[in-house]
Amino acid sequence: MRIAALATRLELPLLVTAQANVWYLTGLRSSNAALLVEPDASATLFADFRYAEKARAVEDVEFVETSRYLLSSPAEILSGRRIAFEEAHLTVAGHRTLAEGGVELVPTSGFVEALRAVKDDVELAAIRRAAALSDEVFAALANEPFVGRTERELVWWIERSFREAGADGVSFPIVVAAGETAAAPHADPGEREIERGMLVTVDAGCVVDGYCSDCTRTFSTGELPDRLADAYALCLEAQLAGLAAVRPGVAGRDADAASREPVAAAGLGWAYGHGLGHGVGIDVHEAPTLRPESKDVLEPGNVVTVEPGIYLPGEGGVRIEDLVLVTADGAERLTRFPKELITVA
Ligand code: ZN
Ligand code: ZN
């Protein structure tokens, strides 16, 4: 049980206020709940009237119905106690409510996120389905005309395709970035029509049973300037080098470094300005991270992206991203759509 696994890591009671963490630990999906987990694995779930019926059905936790202002009840109940809280998720207002109620607060981070970083079979099944839907949608997209359509039209086409294929929704705002727009890693899709001879970066993912997928492919709309064709080949080389480095025991920063070598050797290190990848699960960005400053070490059950990019201001950009499961002895690609440069109409 997840609460028991968390409790073994705790020295102080932990007040969990990140909704994704509450859901992970209890199965309660809500917009207004908190969970107190004691080091002896007993737990108290706080939620308001709207979620009371579902919260009462959660096994092995005591339920306390709160007012709409969630933290006033914990502030009373926990008064005089020393409690750890999630510093990345408790608001300043929530902190004040608890402190004014007489709770002694100790900041912590990453306890639940560390558990979430290692996926169990149920979680993996959902992520595999989300990745398979991504493959399906990218395959259909490659048969769609790009030239003459706007980035926003394609974004909507992709989003609709995910829903029609059975996804619960998209896992983040879809990126379709053509030509110079693609020189920004997280470009906002606009009304500009896609032209011939461009690179078009498509970064998209969906949600299945609460779990995300994340995949990027860069398509060509016809004959490219040499610089862009070379950038594509180099990005693919970097992506394969990053993939080859992903296995248990490898530091996130070392996998990142492996992907940077070919890019630096080509003199384009400056054009690869973000990390190699990130964990994916309930959130599309979660632990562990693969980037130069990462302190994470990969372990079996991690699901991470491998997504180098090369961005040439004024010319265009390319990014290639796979979703990957760290296995006992290596890595398994979960997104399998081809990565050689595909020319679309
Ligand atoms: Zn992505
Ligand atoms: Zn990503």
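This passage describes a zinc site, a buried lysine and a small set of paired strands in a predicted model.

Because the model is predicted, local features were taken only at pLDDT of at least 70 and side-chain atom pairs only at pLDDT 80 or more, whereas totals for chains, interfaces and linings use all residues. Residues are numbered from 1 along each chain as its sequence is written, chains are lettered from A and ligands numbered from 1 in the order in which they are written, and side-chain values use heavy atoms, with hydrogens and water left out.

The zinc ion (ligand 2) has as protein donors Asp214 (OD), His278 (NE2), Glu307 (OE) and Glu321 (OE), lying 2.1 Å from the ion. Donors are N, O and S atoms within 2.8 Å of the metal (3.2 Å for Na, K and Ca); water is not among the atoms, so sites may look incomplete. Along the chain, the donors follow the spacing D-x63-H-x28-E-x13-E. The arrangement is irregular because the 4 donor atoms subtend angles of 78 to 151°. Four donors count as tetrahedral if all angles lie between 85 and 135 degrees; four count as square planar and six as octahedral if opposite donors are over 155 degrees apart and all others between 65 and 115, and anything else is irregular.

Asp214 also bridges this ion and the zinc ion (ligand 1), the two ions being 3.1 Å apart. Asp214 lies in the loop between β11 (211-212) and β12 (215-220), and His278 lies in strand β13 (residues 277-279), so that the pair, 64 residues apart, links distant parts of the chain. Helices (H or I, at least four residues) and strands (E, at least two) are DSSP runs, numbered from the N terminus. Asp214 is buried, at 3% relative accessible area, and His278 is also buried, at 9%. Buried means under 20% relative accessible area, exposed over 50%, and partly exposed in between (1.4 Å probe, protein chains only).Lys119 is placed in the loop between α6 (111-116) and α7 (121-141) and is buried, with 7% relative accessibility. The Lys119 side chain reaches the backbone oxygen of Val280 at 3.1 Å and forms a polar contact of 2.7 Å with the side chain of Glu286. A polar contact is a pair of N or O atoms within 3.5 Å; within protein, one must be able to donate a hydrogen and the other to accept it, and residues adjacent in sequence count only if both atoms are side-chain atoms.

An open sheet of 3 strands has the order β7-β10-β11 with antiparallel pairing; its edge strands, β7 (169-170) and β11, each pair on one side only. Two strands pair if DSSP finds at least two bridges between them. Strand β7 is joined to β10 (residues 206-208) by 2 bridges, and Val170 stands opposite Cys206 in β10.
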